[in-house]
Every structure is written in C-alpha cells, then in structure tokens.
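The following exercises concern the packing of helices and the lining of a pocket. Please work through each task before reading its solution.

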Amino acid sequence: MEELREILKTKDLTQTEYQGRTFEVLIKSFKTHKKFLFPAFVLFGINGYVLKNFIVFQTISKEELITSFLITVAIEFILSLFQNSVISKIRGKNELDKSNLIFKSIILSIIMTSINFSILMMSNNLASSIIIIVLALCFSYFRQVYLSRDLNFFQSIEENFKLLDGNRKRIIIPFIVVNIIFSILSFIFLVFPVIIGNYSTEASSELMVIVILVLFKLVDGINEFYRKILASIIFLNVEDNQ
C-alpha cells in the first residue's frame, strides 16, 4: 500500500487509473482482508436465497423483509469495517479507535440499510431515481470521511461538502461506469430466474433459480467491495491534493 499512498499524494489520478488501482487492491484484499470478505460473501449468498420471491415475483413476506433487512445491516457493518481498513492501510494510520469505529459502523449500517430499503420499496421509480441522484451528488465523500476521520456525523457532512467543491465529477464519473457494467451483469443474471420462476413449476427449476440468485448476490458482493475501494482511493487522492 505504500506505493499507492505515494502515488495518491503526488498526482491526480485519471479515471482509468482509478479503476486500475481499485482492481489491484481488490485482488490483494482476497488475501489481506479475508476476515471481512468471507463472512460478507456468506451473508450475500443467504440474502439471495431470502429475496428469491421478491426478485422473481416482486412479492415479499414480512418475515423475508425483516430477515433481509437484518442481513443487510450486518453486510453494511462489515463493509464499513472493511472500508476503514482499506483507507487506514493506504493512509498508513487509523484516526479511529476500535470502539469509535464500531459505533460509527453500526450507525452507518443502519442508516444505509434504511435508505436502501426505503428506495427499494418505493412504487414511484421517478422519485426513487431522484433520491439516488441527490444522494450521489451531495454525499459522495461522506461515508469515507465518517469512517476514517475523527469527526462526528455533522462534521463529516461539512467536510464532505468541502471535498465536493471542484471534485464532484472525479467521483461521480467512475461510479457511472461501474453502475453501467453492473446493470448489464444484473440483467444477464436476473432475466433467467424471472423467466424460469414464472413459467416453470418443476422442483429442479426452483433449485436452479436459487443457485442463480445466490451466484448473483456473490457478484453483487464483489461489486460492493470494489465500490468501497474505488470510493476510498478517490477520497484519499482528493484529500491529499486539494
């Protein structure tokens, strides 16, 4: 991480360099951050099974909703710890002690899960799209600041706005690319479960749907870890060169 730390301090990376460096850190993370990745992937897979009815038939029971919510909170908690670890390793220091990090990770995991589920359950696609766009445009650096700096919630929002000044496109554009790629992969993965689930009643077909959805959620897990690394690298590059 020392080489990356020096690179981030000395120059503004290009969009291509952001993606390349993120991929390098992701590959290394399978060795250096196994304690985060393994439990998260297990939870992603379980969540794929829990959400099968919602993904295929757009229906979900109260029990499935609560279970998925709790699983997602746990996933977000792990992702928060992971992101703090990535930033700290690249930066060479950690401003947060263990208790403060755990507290912040719990708060953030509950907030993020609540927002994501609220958007997911909205029947108005236009309203949910507007909320996503506003959050992306206005709070792109908040998570990284909150999880890595010894600042409270509102101080982190203030610092986020300072970093956004003149640096909004640097973090928005890479994520547009990632979102497009993941949207294509999502369509490829989900079109088959929807077709099979709606037009076949065989037990083997149901098993196939479950397997595909679990695999999809594992890919979703890789996507989430990639996004956290990408956001961290851009944040550190902006912070060091503002």
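**Exercise 1.** Determine how helix 1 and helix 5 are oriented towards each other in this predicted model, and name the residues in contact.

*Solution.*
Step 1. Helix 1, residues 2–10, packs against helix 5 at an angle of about 80°, and the two axes are 7 Å apart.
Step 2. Angles of 65 to 115 degrees count as roughly perpendicular. Helix 1 and helix 5 are therefore roughly perpendicular to each other.
Step 3. On the side of helix 1, the contact is made by Leu4, Arg5 and Leu8, and on the side of helix 5 by Lys89, Ile90 and Arg91.
Step 4. Sorted by class, the contact of helix 1 with helix 5 has 3 nonpolar and 3 charged residues, and no polar ones.

**Exercise 2.** Carry out the analysis for helix 2 and helix 3.

*Solution.*
Step 1. The axes of helix 2 and helix 3 cross at roughly 90° and come within 6 Å.
Step 2. Helix 2 and helix 3 are therefore roughly perpendicular to each other.
Step 3. Helix 2 contributes Ser29, Phe30, Lys31 and Thr32 to the contact, while helix 3 contributes Lys34, Leu37 and Phe41.
Step 4. The residues of this contact divide into 3 nonpolar, 2 polar and 2 charged.

**Exercise 3.** Establish the relative direction of helix 3 and helix 5, and describe their contact.

*Solution.*
Step 1. Helix 3 covers residues 34–50 and helix 5 covers residues 62–91; they pack at an angle of about 160°, with their axes 10 Å apart.
Step 2. Because angles over 145 degrees count as roughly antiparallel, helix 3 is roughly antiparallel to helix 5.
Step 3. The crossing of helix 3 past helix 5 is left-handed.
Step 4. Among the contact residues of helix 3 are Phe36, Leu37, Leu43 and Phe44; those of helix 5 include Glu64, Ile71, Ile78 and Phe82.
Step 5. By class, the contact of helix 3 with helix 5 comprises 14 nonpolar, 5 polar and 1 charged residues.

**Exercise 4.** Which helices supply at least two residues each to the lining of the second largest pocket?

*Solution.*
Step 1. The second largest pocket holds about 220 Å³ of space.
Step 2. Its lining includes Gln19, Phe23, Val177, Phe182, Asn223 and Tyr226.
Step 3. At least two lining residues each come from helix 2 (15–32), helix 10 (168–199) and helix 11 (203–241).
Step 4. Helix 10 provides the largest share, with 5 residues.
Step 5. The lining of the second largest pocket consists of 10 nonpolar and 2 polar residues, with no charged ones.

Note on methods. Residues are numbered from 1 along each chain as its sequence is written. This is a predicted model: local features need pLDDT of at least 70, side-chain atom pairs count only at pLDDT 80 or more; totals for chains, interfaces and linings use all residues. Side-chain values use heavy atoms; hydrogens and water are left out. On a 1 Å grid over the protein atoms alone, a cavity is a set of points where a 1.4 Å probe fits but cannot get out, and a pocket is an open set with protein on both sides within 12 Å along at least five of seven lines; lining residues have an atom within 4 Å of a point. Grid points are joined across faces, edges and corners, and a volume is the space filled by probe spheres set on the points. Helices (H or I, at least four residues) and strands (E, at least two) are DSSP runs, numbered from the N terminus. Ala, Val, Leu, Ile, Met, Phe, Trp, Tyr, Cys and Pro count as nonpolar, Asp, Glu, Lys and Arg as charged, and the others, Gly among them, as polar. Axes are lines fitted to C-alpha atoms, for helices over the stretch in contact, and angles run from 0 to 180 degrees between N-to-C directions. Angles under 35 degrees count as roughly parallel, over 145 as roughly antiparallel, 65 to 115 as roughly perpendicular and the rest as oblique. A crossing is left-handed if the near helix is turned anticlockwise from the far one by less than a right angle, and right-handed if clockwise. Contact means heavy atoms within 4.5 Å.
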